Amino acid sequence: HAASGSVADGASDAPDGAALGDPAPPQADAGPPGVPEPPPANFFELIRGAIRSAPNAIAPMEFLARQALRRLEALDPAAREDWIPAETSPRDYLLACLKFLVSPPPPEGPGPDPRPCPVDNPPPLVAFDVSTQAYTWLGLRPRGGAPAADGPGPGPSQEAQEGALLAFMEECHRAHFDLQLSQGAVYNTARLGAQGGPGAFAARTAQRGSVTVARTSPAAVAKFRAQESERYAAPDRPYQYQFTARDSAGNERTFTTAVAAVRRGPPSAATKAREHALLKNDRPAHVTILTLVRDAAARLPDGVGTRADVSELLRDSQFVVDHPTEQQLSQVVSGALDRLHYEKDPCVKYEPDRKVWIYLHRTRGLDDFGLPPASTTRKRPATAGPLQAVPPGARAGGMPRAVPPPFHGPP
């Protein structure tokens, strides 16, 4: 990987702001032609180099992800471990950083004694184009058409100012990111593909087998399992889950989602759970794969996701066996979603254009659910005994009916 991950991609020769209708800013101090750019001092500088490596510094999301990961692999392992939080993947963290970079830098840093931003009222350093799903490096541009302060002069160069601003922004972002992780946040920015605003995911066509949610952090799994225990301790009542994730606009928030009751009446301790290859045998009898898949679909951020997303969230259940295979999960979840889709009061529906499942009960209140079915097993109509012949002149309701004369055949 070290050979393919060279940072000398020679991409600093394009103007930074050639996209989105902005005037082209001056070129950065990338050094003489043929001289490799210096190693990045932090992850935000690595992102800057990856975007600049694209033609005209306009980097589509997949190109940017590949470039950033290649450059990350070329670094010393200690730097990689220090730059990327252990609880998230490099791709998820990259997208979280991009979300931060497309917003104006904060005026002051984190902590009880915050230091001010090194640049007064700086603009966003990165722009995102929803139509092309591409990022553009804008950088620090001179204001009002003034020439850039490069070279000798009274103030620091534009490149030095930008480097100081990137270091400040990464410090702010990392402090906020680590705080959210410590509180059990689930970082699933990969589900957006890019930070394109509220309509970004709606306009995106998901791959059928693609996972667009990040794996749940250990703290969030523990919080979910505590709620799951409460839910199945009272299976005859609806329940509301609460979890933290990023919505379709890329903003982190707490979701509340409702699920229907599992059964009618209190559970019976004498009933034994049916064996299932994907479920633990010591679970309560009313915990079935259908109820667990319903709960997983309910926890889709914004109530939207792929079948693979539901499979990924199903792993968090305490009733699922350890380390299930992808094939096991895919087959079971596919069948369960189809069954939920055709229920009398379906909780999910499938959108073939976007290849996503939508959870329909997310905004319901607990009082909005009707009574659950008494049993999930269909029973044949009960009979009082052997079928009795109905005498002529009578019918089931006991009312007499006219009896035609017997037919003796043709004369």
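How many of the residues in helix 7 are buried? The count is 10 of its 10 residues, so to speak a helix that is mostly covered. Before going further, please keep in mind that this is a predicted model.

Let us stay with helix 7 for a moment. The buried residues there are Ile289, Leu290, Thr291, Leu292, Val293, Arg294, Asp295, Ala296, Ala297 and Ala298. The list includes Arg294 and Asp295, along with Thr291, which is worth a visit of its own. Thr291 sits in helix 7, which spans residues 289-298, and has a relative accessibility of 5%. Because the cut-off for buried is under 20%, Thr291 counts as buried. What does the side chain of Thr291 reach at 2.8 Å? The partner is the backbone oxygen of Thr288. A polar contact of 3.3 Å also joins the side chain of Thr291 to that of Tyr232. Tyr232 appears again when we look at contacts: leaving out residues up to four places away in sequence, Thr291 touches Tyr232, Val262 and His286.

Now step back to the whole chain. The protein chain has 411 residues, and buried ones make up 43% of them. Nine helices and eight strands are found along it. Among contacts with a separation of 6 or more, 65% are between residues 24 or more positions apart. On the outside, the chain exposes about 21,700 Å², and carbon and sulfur atoms supply 55% of that area.

The interior comes next. The largest nonpolar core has 37 residues, and the members that touch the most others are Phe43, Ile47, Ile51, Leu94, Leu98, Tyr135 and Leu165. Which elements give two or more residues to this core? They are helix 1, helix 2, helix 4, strand 2 (126-129), strand 3 (134-137) and helix 5. Helix 4 provides the largest share, seven residues. Leu165 makes a good viewpoint on its surroundings: setting aside neighbours within four places in sequence, Leu165 is in contact with Pro105, Cys117, Pro118, Val119, Pro122, Leu125 and Leu140. Apart from this core lies another, of 31 residues, and its members include Val287, Phe319, Val348 and Trp357.

Trp357 leads us to a sheet. Three strands form an open sheet in the order 6-8-7, with antiparallel pairing. The edges are strand 6 (304-305) and strand 7 (348-351), each of which pairs on one side only. Strand 8, residues 356-359, runs antiparallel to strand 6, and two bridges join them. Which residue in strand 8 is the bridge partner of Gly305? That partner is Trp357, a residue that is also among the members of the 31-residue core. In general, strands of a sheet pair through backbone hydrogen bonds, either parallel or antiparallel.

Charged side chains give another way to trace how the chain is connected. Side chains of opposite charge can pair when their charged atoms come close. The structure holds 13 salt bridges. One of them joins Arg52 and Glu159, whose closest N and O atoms are 3.6 Å apart. Arg52 belongs to helix 1 (residues 43-52) and Glu159 to helix 5 (residues 158-182), so this pair ties together parts that are 107 residues apart in sequence. Are these two partners buried or exposed? Arg52 is buried, at a relative accessible area of 6%, and Glu159 also counts as buried, at 18%. The pair is part of a network of salt bridges that links Arg48, Arg52, Glu159 and Glu162.

A second salt bridge joins Glu62 and Arg91, with the closest N and O atoms 3.0 Å apart. This one links distant parts of the chain, as Glu62 is in helix 2 (residues 61-73) and Arg91 in helix 4 (residues 90-101), 29 residues apart. Both ends have some access to the outside: Glu62 is partly exposed at 44%, and Arg91 counts as partly exposed at 24%.

Finally, Arg315 and Glu326 form a salt bridge in which the closest N and O atoms are 2.6 Å apart. Arg315 lies in the loop between helix 8 (307-314) and helix 9 (326-341), while Glu326 is in helix 9, so the pair ties together parts that are 11 residues apart in sequence.

Methods:
Residues are numbered from 1 along each chain as its sequence is written. This is a predicted model: local features need pLDDT of at least 70, side-chain atom pairs count only at pLDDT 80 or more; totals for chains, interfaces and linings use all residues. Side-chain values use heavy atoms; hydrogens and water are left out. A salt bridge is a side-chain nitrogen of Lys or Arg within 4 Å of a carboxyl oxygen of Asp or Glu. Helices (H or I, at least four residues) and strands (E, at least two) are DSSP runs, numbered from the N terminus. Buried means under 20% relative accessible area, exposed over 50%, partly exposed in between (1.4 Å probe, protein chains only). Two strands pair if DSSP finds at least two bridges between them. A polar contact is a pair of N or O atoms within 3.5 Å; within protein, one must be able to donate a hydrogen and the other to accept it, and residues adjacent in sequence count only if both atoms are side-chain atoms. Contact means heavy atoms within 4.5 Å. Accessible areas come from the Shrake-Rupley method with a 1.4 Å probe; for residues, only the protein chains shown count as cover. A nonpolar core is a set of buried Ala, Val, Leu, Ile, Met, Phe, Trp, Tyr and Cys residues joined through side-chain atoms within 4.5 Å.
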